[in-house]
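Open the model in your viewer and keep the selection panel at hand. The stops below go from one helix to the strands, then to the cores and a loop.

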Amino acid sequence: MKWYKKLYIGEKAKKEKYKVFGHIKQSRFCSDTFLITLSENPDNLLDIYSANVLKQPHFKNKRYRDNVYVVGLAKGRDEALELVRQIVDDVYKGTGAFDIRRYLNFGKKL
């Protein structure tokens, strides 16, 4: 899993970010915590995952996990949706388009 250097973090998540990072790294339960990632599906812009989904066997596969690019961290579904809106707004204001991967200069090589 790769983390964006300028990670978008929700207000509630900022208060507990180090605790949350530790829980995610140790594959521990994270109450009401969501990750915003670049989508693997080219028809989508971003994906929202509960941090607890990372405990499933599919996400433990190193080959798959290395292709997860985290761009946002939120506490609560509403905050996750707000972060997605903020990311999309920033990209559109900056480029006039919706190429998030290129705008953030993060993730798979272009």
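**Stop 1: helix α2**

Select residues 17–25, helix α2, where Val20, His23 and Ile24 are buried. This is a predicted model. Seen around the helix axis, the three buried residues cover an arc of only 95°, which puts them on the same side of α2. Now turn to the other side of α2, where Tyr18 and Lys25 are exposed.

What covers the buried residues of α2? Show β1 (2–9), β2 (33–38), α4 (62–65) and β4 (69–75), which are included in that cover. Before leaving the helix, step to Ser27, which follows α2 and has a positive phi, near 55°.

**Stop 2: strand β4 and its partners**

Select β4 next. How many of its residues are buried? The count is 7 of 7, so to speak of β4 as mostly covered fits the buried cut-off of under 20% relative accessible area.

Add β1 to the selection: β1 and β4 run parallel and are joined by 4 bridges. To find one pairing, pick Lys2, whose bridge partner in β4 is Tyr69. Then replace β1 with β2. The strands β2 and β4 run antiparallel, with 5 bridges joining them. Here Leu35 can be picked, with Leu73 as its bridge partner in β4.

**Stop 3: the nonpolar cores**

Show side chains for Ile36, Leu38, Leu46, Val71, Ile87, Ile100 and Leu104. These have the most contacts inside the largest nonpolar core, which has 17 residues. Which elements give two or more residues to this core? They are β1, β2, β4, α5 (77–95) and α6 (100–104). Colour α5 separately, as this helix gives the most to the core, with 6 residues.

A second core, separate from that one, has 14 residues; Ala13, Ile24, Ala51 and Val70 are among them. Ile24 was already met as one of the buried residues of α2. As a general background to both selections, nonpolar side chains tend to be buried together in soluble globular proteins.

**Stop 4: the loop with Asn52**

Finally, select Asn52, in the loop between β3 (46–50) and α3 (57–60). Which residues is Asn52 in contact with, leaving aside its neighbours within four places in sequence? Show Arg28, Phe29 and Cys30. For a distance to check in the viewer, take the backbone nitrogen of Cys30: a polar atom of the Asn52 side chain lies 2.8 Å from that nitrogen.

Terms used:
Residues numbered from 1 in each chain as written. Predicted model: local features only at pLDDT ≥ 70, side-chain atom pairs only at ≥ 80, totals over all residues. Heavy atoms only, no water. Buried < 20%, exposed > 50% of the residue type's maximum accessible area, 1.4 Å probe, protein only. Arc of directions from axis to C-beta. Contact = heavy atoms within 4.5 Å. Core = buried A, V, L, I, M, F, W, Y, C linked by side-chain atoms within 4.5 Å. Pairing = 2+ DSSP bridges. Polar contact = N/O pair within 3.5 Å; in protein donor to acceptor, adjacent residues only side chain to side chain.
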